[in-house]
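User: I'm new to reading protein models and would love a close look at one part of this one. Could you pick it and walk me through it slowly?

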Amino acid sequence: YVRFHLISPLIQQSAENIILFDTFVNILSHNLGEPAYEADVAQLEYKLGAGEHGLVIRIKGFNHKLPLLFQLIIDYLSDFSFTPAVFEMITEQLKKTYFNILIKPETLAKDVRLLILEHGRWSMIDKYQTLMNGLSIEALSSFVKAFKSQLFVEGLVQGNFTS
């Protein structure tokens, strides 16, 4: 089991940064779909998650092949690229996701509660409005470059691994 948390102070600075981060993580997951398929067939599991403070990478499976999968994820992260079509598809999916959160009273109530309790949190309404105002491909590219330049990494490795 391998878990890394790539933390960046950049994410919580604005609602736009949170949306750009969500877009980035979704595009990265999309880009990894085909190359990581063989790892999935070999019973290796991975999950990329957009945490509140950074990207969470979780990998589990047989230890002798985990480093290869982790290296694949890091390669796609470091050489991040996307097409305008993928960018449009992911932003449309995010619009639907945010809207679905807003129309459910229980999730909206949870969001409002956390907005009151947590310092520096952006509401789902702020995120949805910012997303509806539109994002640019250039904004995502510059965000990803800034994100990669301001990273702190925490990691946990469990299992039959050598140092």
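Analyst: Let's look at helix α4, where Val-86, Phe-87, Ile-90, Thr-91, Leu-94, Tyr-98 and Leu-102 are buried (under 20% relative accessible area with a 1.4 Å probe, counting protein chains only; exposed means over 50%, and partly exposed lies in between). Before going on, please note that this is a predicted model, in which local features need pLDDT of at least 70 and side-chain atom pairs count only at pLDDT 80 or more, while totals for chains, interfaces and linings use all residues. Residues are numbered from 1 along each chain as its sequence is written, and side-chain values use heavy atoms, leaving out hydrogens and water.

Why do the buried residues of α4 line one face of the helix? Looking down the axis, they fall within an arc of 135°, so they share one face (the arc is taken from the directions that run from the helix axis to the C-beta atoms). An α-helix has 3.6 residues a turn, so residues three or four places apart point the same way. On the other side of α4, Ala-85, Lys-96 and Ile-103 are exposed.

As for length, α4 has 20 residues and spans 29 Å from first C-alpha to last, close to the expected 28 Å (1.5 Å times one less than the number of residues). Helices here are DSSP runs of H or I with at least four residues, and strands are runs of E with at least two, numbered from the N terminus.

What do the buried residues of α4 pack against? Their partners are α1, α5 (105-117), α6 (124-133) and α7 (137-149), where contact means heavy atoms within 4.5 Å.

Now zoom in on Thr-91, which sits in α4 (residues 84-103). Thr-91 counts as buried because its relative accessibility is 6%. Its side chain reaches the backbone oxygen of Glu-88 at 3.0 Å, which fits a polar contact (a pair of N or O atoms within 3.5 Å; within protein, one must be able to donate a hydrogen and the other to accept it, and residues adjacent in sequence count only if both atoms are side-chain atoms). Setting aside neighbours within four places in sequence, Thr-91 is in contact with Thr-23, Leu-131 and Leu-135.

To pull the pieces together: α4 has one buried face, with α1 among the helices that this face packs against, and Thr-91 is one of the buried residues.
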